[in-house]
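Open the model in a viewer and keep the selection panel at hand. The stops below go from one region to the next.

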Amino acid sequence: MSQKPAIPKGTRDFLPNDVLKRKLIFSTISDAFHRFGYQPIETPSFELSTTLMGKYGDEGDRLIFRILNSGEKVRKADLEALASDNLPRFANSLSEKALRYDLTVPFARFVVQHQNELSFPFKRYQIQPVWRADRPQHGRYQEFYQCDGDVVGSDSLRNEVELIQVIDQVLSTLNLPGFTIKLNNRKVLSGIAEVCNASDQLIQLTVALDKLDKIGEDGVINELMDKGFDSSLVDSIKPLFQLKGSFEERISFLSTFLSQSEIGMKGLEELGYIHSKFKDNPLKKGQLELDVTLARGLNYYTGAIIEVKAHEVEMGSICGGGRYDDLTGLFGVKGLSGVGISFGADRIYDIMETLGLFPADLSSGPDVLFLNFSEEEADQCAIWANAVRDLGKIAEVYPSQAKLQKQLKYANDKGVKWVLFYGEEERQKGMVILKQMESGEQYAYSASAWLSSWEG
RNA sequence: GAGGUUGUAGCUCAGCUGGUUAGAGCGUCGGAUUGUGGUUCCGAAGGCCGCGGGUUCGAACCCCGUCUUCCUCCCCA
């Protein structure tokens, strides 16, 4: 009985063409990091549950894929916890390992564990899959790649500037027609909450603000009202909805708005510093925008918040990041500040596919296919094939003496550029025939010299 | 986790109010063509109609459950 082939929800197979396109994105990202002096690392697919649990909030914990203990270990199951309906504790007793949920927490663990082998500031990049037990949706999967770059052990805002340059480099190289790099600062958000007398409700306030472009002004106001903010607060926040103009204009507006908040002014100063560094050293294609509604990842970001949106396509952010003071505090090393970004390779892929940005020759087939007429002639073709490969071209010999029709169809389907005929007829004449698949034209060469005169 | 939606051939989809043996296009394979592909013509293979239960003389179609698809929340890349 054969079973119906299927893969788990939220996962994908990648066909040869898909892989080539994905590799282009990955290599563009790693090249960019590499050129800025970042070093590659890798961490295991799964970590100890204790490393991951509790780091992403209750929502996050729910979305972590856990690995069931195997063998005798299942005996450790805490049946008392089950009986008393303590499901989290019961789950913990069944599972000691979990698939990584992102690359940041494993990186923090990595830095602490290898602190004596690293020299700081440590700049690393990492391109590996992560897993989330999320409900799949457009552009959202249960297994997807993250491409992270972080600097740990340096407070300098020059790191933020550099990471923005990396983003610009990557997305410009991939030929995205345009993209906006949105900047905000956690301190500005704290300042806003402070001047609105809502410091204790910072998270609810910013989560609502974050939805401005999605649900509009009225939507944000309704949400704030629903959450019990009083109307005087809502009124005091309204001016922010009108924030328009250039980066400088927005800063000058905010410096009035936040003038009573020390922390808010500090955040503005940081934003201004970062922005000023691009005056004489401009970005290639990226446009910087100050967006006070940006609030992603609020749980651990403490300074800069970065998010990138592609133009011309309706799609969530394709890159995000920010600064988190005390990245490694959870693992026992205090005072190491980190700042990092994460590219969403899958979304970049979707955008490039939608806009037709992948180069056409990416998936071009082998340069030459040697048709197989007989064992003896195929042996000669195999020798030639190696010579072609030594020229840096792709060559293959058809593995069996199938009908020519089948061999040519194979060449056609695979996008082979040239096909070489060397059968009994050609061998006796000391010739080869080269056929250009696209045009169908055929050329005869002498068997001893075809390779040097072939321009394929 | 909440709400909605989808599931029929490898793919995209028809299938009437419940009524014989479930269809088409594309793709695949074979032939026309024993040494020439992409076009054309002919032919063939390929279906527990998502899965399990129920209603009925009778179910792809109605009901329940379950899984799955896509979407909106939540959250996020």
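Start with enclosed space: a search of the whole of this predicted model finds one cavity of 30 Å³ or more. The largest cavity holds about 40 Å³ of space. To see its wall, select Thr11, Arg12, Phe14, Arg22, Glu143, Phe144 and Tyr145. Colour that selection by residue class and the lining divides into three nonpolar, one polar and three charged residues. Which strand gives the largest share of the lining? Strand S6, residues 143-152, does, with three residues.

Next, show the sheet that contains S6. This is an open sheet of eight strands with mixed pairing, in the order S1-S5-S6-S11-S10-S9-S7-S8. Its edge strands are S1 (39-40) and S8 (286-290), each of which pairs on one side only.

Move along the order to S9 and S7. Select residues 179-185 for strand S7 and 304-310 for strand S9; the two pair in the antiparallel sense over seven bridges. For a reference point in this ladder, pick Phe179, which stands opposite Ala310 of S9.

Stay at this end of the sheet and add the helices.

- Select residues 247-257, helix H12: the helix lies across S7 and S8 and runs at about 15 degrees to S8.
- Select residues 262-276, helix H13: this one also lies across S7 and S8, running at about 150 degrees to S7.

With H13 still selected, display the side chains of Lys266 and Glu270. The two residues form a salt bridge, with their closest N and O atoms 3.5 Å apart. Both sit in H13, four residues apart, about one turn of the helix. The count of salt bridges comes to 18.

Now go to strands S14, S15 and S16. Select residues 418-421 (S14) and 431-436 (S15): these strands run antiparallel and are joined by four bridges. Trp418 has Gln436 of S15 as its bridge partner.

Then add residues 442-446, strand S16, which pairs with S15 in the antiparallel sense over five bridges. Here Lys435 stands opposite Gln442 of S16.

The last stop is the hairpin of S15 and S16. How many residues lie between its strands? There are five, and Gly440 takes a positive phi near 85 degrees in this hairpin. Label Gly440 and check its backbone phi in the viewer.

Notes. Residues numbered from 1 in each chain as written. Chains lettered and ligands numbered in written order. Predicted model: local features only at pLDDT ≥ 70, side-chain atom pairs only at ≥ 80, totals over all residues. Heavy atoms only, no water. 1 Å grid on protein atoms, 1.4 Å probe; cavity = no way out; pocket = protein on both sides within 12 Å on 5 of 7 lines; lining within 4 Å. Points joined across faces, edges and corners; volume = space filled by probe spheres on them. Nonpolar A, V, L, I, M, F, W, Y, C, P; charged D, E, K, R; others polar. Pairing = 2+ DSSP bridges. Contact = heavy atoms within 4.5 Å. Axes fitted to C-alpha atoms, helices over the stretch in contact; angles between N-to-C directions. Salt bridge = Lys/Arg side-chain N within 4 Å of Asp/Glu carboxyl O.
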